[in-house]
Amino acid sequence: MEEHRGRHATIVDVAQAANVSVATAGRALGGYGYVSLDTREAVLAAARALNYQKNIAAQSLISGSAKTFGMIVSDLSSEFYSNIIKSAVNYSFRHGYCVLIHDTHEAAEIEREAVAIFQRHRVDGIIIAPASMQSLGHLREFVAGGGRVVQIDRRLPGLAADSVTLDNVRTAATCTARLLEAGHRRIAYIGEIDEVRSADLGRVVETYAATGRMRKGFAPSCQRLAGYLEAHREAGVPVCADLVGRTGNYSWEAARDVTQAVLSHGPTGLMTSDGLMTIGALRAVREAGMRIPDDISFLSFDDLEWLQFVDPPLSAAAQPCAEIGEEAARILIGQIRGEKEGPRTRHEHIRLCGSIIDRGSIRVIGG
């Protein structure tokens, strides 16, 4: 077998070494069709001796499955997404699947190209955190063409696909209730809230207080605003619209600037919509010379690792990232293997709840 050194052994090499036909070697290696036990053992022994590696691309042409799927997220540097990816990849690896990953940087045009790239690679499906509610034509076309999609973090109402998301409204309401139960009546909320215009923010707050209704929106920050307002409404505590900080664009600098303005209205508690907003809000609090929790209580949505190392450590709403990643991979692999019961029109929408990690950054007042 010296002649095979320096190049990858092929199935032809294996067949010749085992003295069988290529078709027989293919059945023995692929585990399909009839092959006698002695022949199968001879083929496998030859494959081991030649260090034969299966050609996944060729196998996919036969089986119709590349044993590979794509994963598209908006920010690979985000601890939130990296934890979801890690869980999805680990689950997929255990079940024999490879994952290709792409970062959109929240840009719909990059997302479209990523989907096109994955289509050219003939992936078995895509797990995606959609970048935009206004741009979903490419995803609809992918699904209409038989493509499999599982959405994470955000769910597009107009897309016929499964999803695994956080129950943002309920989790944010639980976080806000924690501050209300501690005696706080002036609680600030800092979020991107890009689906609500700054000029309409006051009206949205007033309408929710009166009716309990608002367009929950596509973005988590808007859904978390609804939870914040719902907790106040259930507690019978009015919301001051000046305490709701809308950044409009997604950056810690914008969060810092908005928080500086909100702090001038005297909140005793502050909640951020995610980790990036937490960075900006924390900077504003420190630049104002305020102490946590003596001067202001602080609760971060997203439990990032660094929150436990700042002084003082910050309480946070922990999202079940590992469960999101594993559930999304489970659903997609189930689709690929044809394990999903019922017609494709019945989609699975899993909504998970977060939990509060209390690190002492919320002060009890009053009482």
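A nonpolar core is taken here as a set of buried Ala, Val, Leu, Ile, Met, Phe, Trp, Tyr and Cys residues joined through side-chain atoms within 4.5 Å. With that in hand, the interior of this predicted model is a convenient place to start. The largest nonpolar core holds 50 residues, and those touching the most other members are Met214, Leu225, Tyr228, Val244, Leu270, Met271 and Phe298. Helix α10, spanning residues 220–235, supplies the largest share of this core, with 6 residues. Phenylalanine 298 deserves a closer look: beyond its neighbours within four places in sequence, its contacts include Leu270, Thr272, Thr278, Ala281 and Leu282. Val285, Ile292, Leu314, Ser315, Ser361 and Ile362 are also in contact with phenylalanine 298. A second core, separate from this one, has 26 residues, with Met71, Phe80, Val150 and Cys321 among them.

Turning to the strands, one open sheet is built from 6 strands in the order β7-β6-β8-β9-β10-β12, with mixed pairing. Its edges are formed by β7 (244–246) and β12 (355–357), each of which pairs on one side only. From one strand to the next, the twist averages 20°. Within this sheet, β6 (residues 187–191) and β8 (residues 269–272) run parallel and are joined by 4 bridges. Across this pairing, tyrosine 189 stands opposite methionine 271 of β8; Met271 is also one of the residues that touch the most other members of the largest core.

Helices accompany this sheet as well. Helix α8 (residues 168–181) packs on the sheet and touches β6, β8, β9 (297–301), β10 (315–318) and β12, its direction making about 170° with that of β9. Helix α11 (residues 252–263), in turn, lies across β6, β7 and β8 and runs at about 160° to β6.

Another open sheet also consists of 6 strands, here in the order β2-β1-β3-β4-β5-β11, and its pairing is parallel. The edge strands, which pair on one side only, are β2 (98–103) and β11 (349–352). On average, neighbouring strands of this sheet are turned by 15° against each other, direction ignored. Strands β3 (residues 126–128) and β4 (residues 149–152) provide a parallel pair with 3 bridges, in which isoleucine 126 stands opposite valine 149 of β4. Val150, which belongs to the second core, lies within the residue range of β4.

The helices towards the start of the chain offer a further packing example. Helix α2 (residues 22–30) meets helix α3 (residues 37–49) at an angle of about 85°, and their axes are 9 Å apart. Because angles of 65 to 115 degrees count as roughly perpendicular, the two helices α2 and α3 fall in that class. On the α2 side the contact is made by Thr24, Ala25, Arg27, Ala28 and Leu29, and on the α3 side by Thr39, Arg40, Val43, Leu44 and Ala47. These contact residues comprise 6 nonpolar, 2 polar and 2 charged. Within α2, the residues Thr24, Ala25, Gly26, Ala28 and Leu29 are buried, and their cover includes α1 (11–18) as well as α3. Glycine 31 follows α2 and has a positive phi, near 75°.

Finally, histidine 138 sits in helix α7 (residues 137–144). Its relative accessible area is 13%, so histidine 138 is buried, the cut-off being under 20%. Apart from neighbours within four places in sequence, histidine 138 is in contact with Glu111, Arg112 and Val115.

Definitions and conventions: Residues numbered from 1 in each chain as written. Predicted model: local features only at pLDDT ≥ 70, side-chain atom pairs only at ≥ 80, totals over all residues. Heavy atoms only, no water. Axes fitted to C-alpha atoms, helices over the stretch in contact; angles between N-to-C directions. Parallel < 35°, antiparallel > 145°, perpendicular 65-115°, else oblique. Contact = heavy atoms within 4.5 Å. Nonpolar A, V, L, I, M, F, W, Y, C, P; charged D, E, K, R; others polar. Buried < 20%, exposed > 50% of the residue type's maximum accessible area, 1.4 Å probe, protein only. Pairing = 2+ DSSP bridges.
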